[in-house]
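Reader: Please take me through the strands and the packing around them, one part at a time. I want the pairings, the burial and the contacts. Keep it brisk.

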Amino acid sequence: MGESSEDIDQMFSTLLGEMDLLTQSLGVDTLPPPDPNPPRAEFNYSVGFKDLNESLNALEDQDLDALMADLVADISEAEQRTIQAQKESLQNQHHSASLQASNFSGAASLGYGTNVAATGISQYEDDLPPPPADPVLDLPLPPPPPEPLSQEEEEAQAKADKIKLALEKLKEAKVKKLVIKVHMNDNSTKSLMVDERQLARDVLDNLFEKTHCDCNVDWCLYEIYPELQIERFFEDHENVVEVLSDWTRDTENKILFLEKEEKYAVFKNPQNFYLDNRGKKESKETNEKMNAKNKESLLEESFCGTSIIVPELEGALYLKEDGKKSWKRRYFLLRASGIYYVPKGKTKTSRDLACFIQFENVNIYYGTQHKMKYKAPTDYCFVLKHPQIQKESQYIKYLCCDDARTLNQWVMGIRIAKYGKTLYDNYQRAVAKAGLASRWTDLGTVNAAAPAQPSTGPKTGTTQPNGQIPQATHSVSAVLQEAQRHAETSKDKKPALRNHHDPAVPRAPHAPKSSLPPPPPVRRSSDTSGSPATPPKAKGTGGGGFPAPPDDFLPPPPPPPPLDDPELPPPPPDFMEPPPDFVPPPPPSYAGTAGSELPPPPPPPAPAPAPDSARPSPAVAKRPPVPPKRQENPGHPGGAGGGEQDFMSDLMKALQKKRGNVS
Amino acid sequence: MAGMKTASGDYIDSSWELRVFVGEEDPEAESVTLRVTGESHIGGVLLKIVEQINRKQDWSDHAIWWEQKRQWLLQTHWTLDKYGILADARLFFGPQHRPVVLRLPNRRALRLRASFSQPLFQAVAAICRLLSIRHPEELSLLRAPEKKEKKKKEKEPEEELYDLSKVVLAGGVAPALFRGMPAHFSDSAQTEACYHMLSRPQPPPDPLLLQRLPRPSSLSDKTQLHSRWLDSSRCLMQQGIKAGDILWLRFKYYSFFDLDPKTDPVRLTQLYEQARWDLLLEEIDCTEEEMMVFAALQYHINKLSQSGEVGEPAGTDPGLDDLDAALSNLEVKLEGSAPTDVLDSLTTIPELKDHLRIFRIPRRPRKLTLKGYRQHWVVFKETTLSYYKSQDEAPGDPIQQLNLKGCEVVPDVNVSGQKFCIKLLVPSPEGMSEIYLRCQDEQQYARWMAGCRLASKGRTMADSSYTSEVQAILAFLSLQRTGGGGPGNHPQGPDASAEGLNPYGLVAPRFQRKFKAKQLIPRILEAQNVAQLSLAEAQLRFIQAWQSLPDFGISYVMVRFKGSRKDEILGIANNRLIRIDLAVGDVVKTWRFSNMRQWNVNWDIRQVAIEFDEHINVAFSCVSASCRIVHEYIGGYIFLSTRERARGEELDEDLFLQLTGGHEAF
């Protein structure tokens, strides 16, 4: 750990030479290992890499640029300085330019921030298709406990690690990031950085950590279009940056973080959606009587077959006529292929139905207060529109139901038809998450969680959900209960924490950071202890931000992944302190563009890295730099052999992925 | 022992003469007469028969059928007395396996030898093993419908009859694969062809034939089919089937377990075929939009199967892209020199630049501006389309720039009119912009269309699927030129053209009446982009879409509920029973199997009584089919639902027969 903190300096100074050496000694084959995984990401990455091989100077430039971007975003000023120094020693004309560029972009994002807003920081984005969360895949590999290595091996390892780190940075740096302002349900807001690889699930996970909410499955990101008076929740698998990029610059749209029980209602009470057609009296009876086992089998039947079953749904709805304020009552039917209606004078047999809309290009939104705004017959409205449409338009379809129950059935039915099994997967992941969270808090106080959690935490990417599903389904109710309990306790805790924080650090910047260490007890202590520390060094090691430190601190790195953070008392104090220290430095760059309004610019960036490390996929990418070291070690020393293995595992992954797609 | 005589020739034991016919139930057949006693064992009788016939032949498959009792005498250690056989018994000594002609789900006829002595359940399992279809419990046999007399004989085309009757399958182990097919198919060219028939989708039927085939016009018509199911617990012989009869093999239970495209080519194909015929013959209804998707998939599947591309086309899905990328990466690594031009070719995204005529519909129209198409210089790069007044202005600002990601792409093509337009509905914050691109010829159209299609999904022309997409579009255009050019209401026969395909063979006949071929083709073309799917994927997609239909998997039976005065329809699905109004077709009530406590059949009054939770009792008598069929359907679905937990390939036959049988006692 101590070693790694100092590493940074060394690493950069020696990076060039080491890479050179390594490539020569191990052959070209060894270099690829880090990138093998995802085609695209790897592709970008490898582009940079090859340049390096061919012209070391070029590579270095890129690398440094990337690092700078990263650092500006994530690292305290102190770190920057050291790195800069490093760079200078390496003699790079580029970096200053890049630094500026990145600063600028950072500032820009903040500038937009005024309204909840989101702005893209487009560093390097031109050359890169976003590397999808793939990096995660590599990292989690099996962290075999480092075996005793010979000195040479160690050296080789170290080199490989450093290269890998550098490459990770490269990858990272090219990722588009947005700073978003999220409205909490207590009317406060939080800013956080979202990179373009992050899914709504990842962002939720970040928010869970920042807020210490109960993490139950009802929490969702919620977008609101004040202008159109429509709103909807993000599906967990949606790419947040992609959705936000449809917003216009001057938009009033907002993102909320709140609980909506409608989000996964179908999985909690499938009978309300699947067994509810006609005969309302009876259905109500059965609703209450459905037991857990029947629910489970109903879900299995509906979502686990060769194809999913879309709830049978039909009935009269009001449709707003194009461009008019009148509403027409029509008989609509939901099918897997779209919404249909019964044309005048026809029957509702399949052959007579007319297609109203198909779901491929539209999202579904709840309409709020459309009774007022559009003279809708009731306030139970839903809206279908292309996600890119932001203003009133004839291409937006407004529908109105008789009651809330019908509305919920339609919205859920449409989501099932549109998203299919993904919805169920999302739910199971959310349940796993909720279960994990509650378990984790239980353990958190005891500090015993370390070994078990790491495995689930870091891997997230694709493996986690699968792995956990069985557990999750079996113990859903238990987990939920637990979560419930947890919610209560956490609620109690929350206010206390808030109070505590506010006095000490009035601004948001700190909050996110402090929230990182999830176990409240720890945090509190750290908060109070707040004696000025010498953070730069400790932090510096992180490079990516928070994630790294834990690893550094913990000599037995293999087991302790992200979740461990809480366990590690040391980091929190450091983090807490730094703010005062490092806040001032960055401002210069930001201040110019961002204006007075945004004194806390640096903070927002900081949170982002933390979430990353915290768990889900993209995050992992960042912190990996450190873990990779250990993992690589065993394989790498072998040189070519190691490289090949790596490649094989990538192939395997690709194959698995493919198979997954097919099935 | 039997047949001891005195010197005078009188029998002194209790022996008597037993006459046994040799052959398959043919009274004219040769017969042998044996001397037996009541204590003779069946095995001994068999031995005597063979001795008497005195012919060298493999008799191992032969057994005795007792005609009056409609029963096989298979227990060789039983005595005649135990069976109750007396001298007047009409016994036939014949083979247990006899040839039948199976009409497969793909409507092809196949001759094979089926067991006439085992319960149908086992016989079907053996057939499925021969055909290498897993999960035989999902299939069963039906009697062929009786032919109507009026059919003109000369019109019956001689159809190809595949023959597997000589193939013998070694018992026990699953057949090994040899040359890509189960080993027993690779014996001869004939059996190989048979395997191809089984494992590859058939070309679309002749539209004329399609129109001629009977289609159900009402729910009660749909009940007819289900009256013909054979009884799973009895053997073919007992059900009056004779050697050489035609039987239909169909998936009976719509609960397809563990459908795996990799291991199940025959099963997948036959299931696809059954689904396809269900749709074409309107056994199951779908909407127009859905039918177009089905048609597009059929077209694509047919194309792949004709071209022999049974394997996965390269670079079709993201997973393969990954693999390709990984491999190309490896190559680059191995070469060591990391040639930049390779990278360049990988990184540079191809673009399209050309003069196209563009027609833009203003967002706030209704001004009656009929400016029509105008020539522009259009550049299509990545997913963005920009157009300029002229080529010279290209470096400057375009008149308009459209990001096609998420847009809707609609072909507007008339081949005979040489009109090749692409209609784009491009979303923007304000709504959709409607814009038409008019291309000069097919080639240009195909390139731009393919680009637009990919762009709408957020992919660029660098995507590996671009070329195949272009090809698919060209192929479809040529289809339109040849197949659809004919007079609208006279669908051409299958021989219309080799590459041109008659779209009428892809849709249910009602669409033949509704659309002209040239209207139909573009709709099929635009229905869905399926060009990238492999054969198995496309079949699976087809099956999934079929399963997603609301009426999927419902078997209809006409019943009369206790206390009701009119006939109603009972729909039986894999998870529920549905009471349907016969006249209107509305669902009256649904009961789920998960709530079912028990069901009973009163065989005497042909009534099925079912008890659900909360003391809900339902009873009905069966009108269109025997109550045995309803009983077997319910029991069968219950049986199939137990598979999930067991997770094995072996079948619990006893359980199946227990759930579906039980009526022999009466």
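**Strands, core and rings**

Author: Begin with β3(A), residues 189–195: 5 of its 7 residues are buried, so under the 20% cut-off for relative accessible area this strand is mostly covered. Bear in mind that this is a predicted model. The partner of β3(A) is β2(A), residues 177–184. The two run antiparallel and are joined by 7 bridges. One of the facing pairs is Val182(A) with Lys190(A), the latter in β3(A). Together β2(A) and β3(A) make a hairpin, with 4 residues between the strands. In that turn, Asn187(A) has a positive phi of about 75°.

Chain A also holds an aromatic cluster. Its members are Tyr264(A), Phe267(A), Tyr274(A), Phe303(A), Tyr424(A) and Tyr427(A).

Now chain B, and a sheet. There, 7 strands form an open sheet with antiparallel pairing. The order is β23-β22-β21-β20-β26-β25-β24. The edges are β23(B), residues 587–592, and β24(B), residues 596–602. Each has a single partner strand, so one side of each lacks a neighbour in the sheet. From one strand to the next, the twist averages 30°.

Look at one edge. β23(B) pairs with β22(B), residues 576–580, over 5 bridges in the antiparallel sense. Within this pairing, Leu577(B) stands opposite Trp591(B) of β23(B). A helix, α16(B), packs on the sheet. Its contacts reach β20(B), β21(B), β22(B), β24(B), β25(B) and β26(B). The direction of α16(B) makes about 155° with that of β24(B). The helix covers residues 627–641, 15 in number. From first C-alpha to last, α16(B) reaches 21 Å, close to the 21 Å expected at 1.5 Å a residue. Of those 15 residues, 13 are buried, and α16(B) is mostly covered.

Go into the sheet at β25(B), where Gln607(B) sits. The relative accessible area of Gln607(B) is 18%, which is under the 20% cut-off, so Gln607(B) counts as buried. Its contacts, leaving out residues up to four places away in sequence, include Lys562(B), Asn600(B), Val601(B) and Asn602(B). Ala619(B), Phe620(B), Ser621(B) and Cys627(B) are also touched by Gln607(B).

Phe620(B) leads to the core. The largest nonpolar core has 117 residues. Within it, Leu112(B), Leu131(B), Leu141(B), Trp546(B) and Phe620(B) touch the most other members. Helix α8(B), residues 288–307, gives the most to this core, with 10 residues. Another core, of 48 residues, lies apart from it. Among its members are Leu317(A), Phe356(A), Trp410(A) and Tyr427(A).

Back to Phe620(B). Its relative accessible area is 1%, so Phe620(B) is buried. Beyond residues up to four places away in sequence, Phe620(B) touches residues including Val559(B), Arg560(B), Phe561(B) and Lys562(B). Leu570(B), Arg606(B), Gln607(B), Val608(B), Ile610(B) and Val630(B) are in contact with Phe620(B) too.

Next, ring pairs. Over all chains, the count of aromatic pairs comes to 44. One of them is stacked: Phe21(B) and Phe92(B), 5.1 Å centre to centre with 25° between the planes. Phe21(B) lies in β1(B), residues 16–22, and Phe92(B) in β5(B), residues 91–95, so the pair ties together parts 71 residues apart in sequence. Both Phe21(B) and Phe92(B) are buried. A second pair is edge-to-face: Phe561(B) and Phe620(B), 5.4 Å centre to centre with 65° between the planes. Phe561(B) lies in β20(B) and Phe620(B) in β26(B), so this pair ties together parts 59 residues apart in sequence. Phe561(B) is buried as well, at 3% relative accessibility.

One last spot in chain B is Ser140(B), in strand β8(B), residues 139–143. Ser140(B) has a relative accessible area of 2%, so this residue is buried. Its C-alpha atom is 6.4 Å from that of Val124(B), with the two residues 16 apart along the chain. Not counting residues up to four places away in sequence, Ser140(B) touches, among others, Leu120(B), Val124(B), Trp229(B) and Leu230(B). Its contacts also include Ser232(B), Trp248(B), Leu249(B), Arg250(B) and Lys252(B).

Notes
Residues numbered from 1 in each chain as written. Chains lettered and ligands numbered in written order. Predicted model: local features only at pLDDT ≥ 70, side-chain atom pairs only at ≥ 80, totals over all residues. Heavy atoms only, no water. Buried < 20%, exposed > 50% of the residue type's maximum accessible area, 1.4 Å probe, protein only. Contact = heavy atoms within 4.5 Å. Expected span 1.5 Å × (residues − 1). Pairing = 2+ DSSP bridges. Axes fitted to C-alpha atoms, helices over the stretch in contact; angles between N-to-C directions. Core = buried A, V, L, I, M, F, W, Y, C linked by side-chain atoms within 4.5 Å. Phe/Tyr/Trp six-rings, centres within 6.5 Å; stacked < 30°, edge-to-face > 60°.
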